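Biologist: I should like to learn how to read the features of a protein model. May we go through one together?

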Amino acid sequence: MSPDHPPGLDLDRLRGLLERERPGLVNGPLTGRLIEGGRSNLTYAVSDGASKWVVRRPPLGHVLATAHDMKREHRVISALHPTPVPVPRTVLLCEDEEVLGAPFYVMDFVEGTPYRTAGQLAPLGAERTRDAVLNLVDTLVELHAVDPGEVGLAGFGRPEGFLDRQLRRWGKQLDASRNRELAGIDELHAALGRELPVSPAPAVVHGDYRLDNVLIGPASEAEAPGRRTEPEKGADRIKAVLDWEMSTLGDPLTDLGLLVMYSMPLGMPDSPVSTTAEAPGHPTPAELIERYAARSGRDVSAVSWYTAFAWFKLAVILEGIHYRYTLGQTVGRGFDRIGDLVPVFIRHGLTTLQEG
């Protein structure tokens, strides 16, 4: 298919649906392109020449519908849009697989930049980088302050036993990918189980909260009314939080632990899995934890457990990718080096837990 008609996106059928369900929204033929960078669900930018939207759908040939639940993503974004949490406005949800071959939803296109590496952050300079990452923490505080019941998300997850369930889930994922010895992985899993913290009151959890899952751009006067900390007009701010496919109701400190993990240097140049921690001006993990604690009022004394759990979870995910690579099921740049990263994540997890 041509670049304007990417696989998985039938623009004629999409336009017909939009004209039926949202009369007057579309004013001309649609063009579309795949937005690179997504790890699971497919994301397309669509335009009629005057306006732009985003389409989210499961990957081509998907099997597990529960792993790519478009209705769930659409629900949480729609619920959060009236709150201070910056998310795109949803346009419609389509569960009829006859249109694009899978359920999908449409939302407004938000202008902004995702920063995935320290190199991409470098042109911002130290001060803007620091502000951007601290704004990331402030937005997380806003998310965790949302009352799920007040926005229609009371039944969005099962917060009781959340951490124990998460630990068992990722342990099963590890067992499903075992084809080599990994020193320390079982030790880390067992230690996490022995030291399971008591969760605070449940909150809406993003599940994959990090810098490259948000869009950053200049603030405007009309954006995000009600935010506790308003940036000056023209200053960098979080324009939208994206990729809600792992969101649920659960322990909010799992989001903080993951953010802290991604803010720690790996010490591996040219790693296929990058963090932004080496960017000039990037706040230290301690600064992120302190800011979250001060602005949320939450007890973060067990944050080392949550950070160690994040290292474990990512080690399991990377081992799964390595396992599929060894079977010839994954191709592309960098996949041949994923396996070397797994022991690094395991060591970081053990060290984090031991040092507290």
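Biologist: Are Trp 305 and Phe 309 buried or exposed?

Modeller: This is a predicted model. In it, both Trp 305 and Phe 309 are buried. The two residues belong to helix H10, residues 303-326, and stand four residues apart, about one turn of the helix.

Biologist: How many aromatic pairs does a search of the whole structure find, and how is such a pair described?

Modeller: In general, one gives the distance of the ring centres and the angle of the planes. Here the search yields three aromatic pairs. One of them joins Trp 305 and Phe 309, with 5.5 Å centre to centre and 10° between the planes, and this pair is stacked. Ring pairs also bring Tyr 306 into a cluster with Trp 305 and Phe 309.

Biologist: What is the geometry of the pair formed by Trp 311 and Phe 345?

Modeller: Their ring centres are 5.1 Å apart and the planes meet at 70°, so this pair is edge-to-face. The pair links distant parts of the chain, for Trp 311 is in helix H10 and Phe 345 is in helix H11, residues 338-355, with their positions 34 residues apart. Trp 311 has 0% relative accessibility and therefore counts as buried. Phe 345 has a relative accessible area of 1%, so Phe 345 is buried as well.

Biologist: Which rings have a charged end sitting over them?

Modeller: Two cases may be given. The charged end of Lys 52 lies over the ring of Phe 109, at 4.0 Å from the ring centre. The charged end of Arg 72 is placed over the ring of Phe 156, at 4.0 Å from that centre.

Biologist: How are two packed helices described, and what are the values for helix H5 and helix H9?

Modeller: The general description uses the angle between the axes and the distance between the axes. Helix H5, residues 126-145, packs against helix H9, residues 285-296, at an angle of about 40°, and the axes are 10 Å apart.

Biologist: Why are H5 and H9 called oblique to each other?

Modeller: An angle under 35 degrees would count as roughly parallel, and one from 65 to 115 as roughly perpendicular. The angle here is about 40°, and H5 and H9 are therefore oblique. The crossing of H5 past H9 is right-handed.

Biologist: Which residues make the contact between H5 and H9?

Modeller: On H5, the residues include Arg 130, Val 133, Leu 134, Val 137 and Asp 138. On H9, they include Glu 287, Leu 288, Arg 291 and Tyr 292.

Biologist: What does Ala 132 touch, not counting residues up to four places away in sequence?

Modeller: Ala 132, which lies in helix H5, touches Ile 216 and Ile 238 when those sequence neighbours are not counted. Its relative accessibility is 1%, so Ala 132 counts as buried. The C-alpha atoms of Ala 132 and Leu 121 are separated by 9.6 Å, with these positions 11 residues apart along the chain.

Biologist: Where is Ala 45 found, and which residues does Ala 45 touch?

Modeller: Ala 45 is in strand E2, residues 42-47. Not counting residues up to four places away in sequence, Ala 45 touches several residues, among them Thr 31, Trp 53 and Phe 109. From Ala 45 to Thr 31 the C-alpha distance is 8.3 Å, and the two are 14 residues apart in sequence. With a relative accessible area of 5%, Ala 45 is buried.

Biologist: With which residues is Thr 254 in contact, leaving aside its neighbours within four places in sequence?

Modeller: Those residues are Phe 162, Leu 163, Val 205 and Tyr 306. Thr 254 is part of helix H8, residues 253-261, and is buried, with a relative accessible area of 14%.

Biologist: What is the phi of Asp 243, and where is its place?

Modeller: Asp 243 has a positive phi of about 55°, although it is not a glycine. Asp 243 is in the loop between strand E8 (236-241) and strand E9 (248-250). Its relative accessibility is 25%, so Asp 243 counts as partly exposed.

Biologist: How many helices and strands are in the protein chain?

Modeller: The chain has 11 helices and nine strands. Of its 356 residues, 50% are buried.

Definitions and conventions
Residues are numbered from 1 along each chain as its sequence is written. This is a predicted model: local features need pLDDT of at least 70, side-chain atom pairs count only at pLDDT 80 or more; totals for chains, interfaces and linings use all residues. Side-chain values use heavy atoms; hydrogens and water are left out. Rings of Phe, Tyr and Trp (its six-membered ring) pair if their centres lie within 6.5 Å; planes under 30 degrees apart count as stacked, over 60 as edge-to-face and the rest as tilted. Buried means under 20% relative accessible area, exposed over 50%, partly exposed in between (1.4 Å probe, protein chains only). A charge sits over a ring if NZ of Lys or CZ of Arg is within 6 Å of the ring centre and within 35 degrees of the ring normal. Axes are lines fitted to C-alpha atoms, for helices over the stretch in contact, and angles run from 0 to 180 degrees between N-to-C directions. Angles under 35 degrees count as roughly parallel, over 145 as roughly antiparallel, 65 to 115 as roughly perpendicular and the rest as oblique. A crossing is left-handed if the near helix is turned anticlockwise from the far one by less than a right angle, and right-handed if clockwise. Contact means heavy atoms within 4.5 Å.
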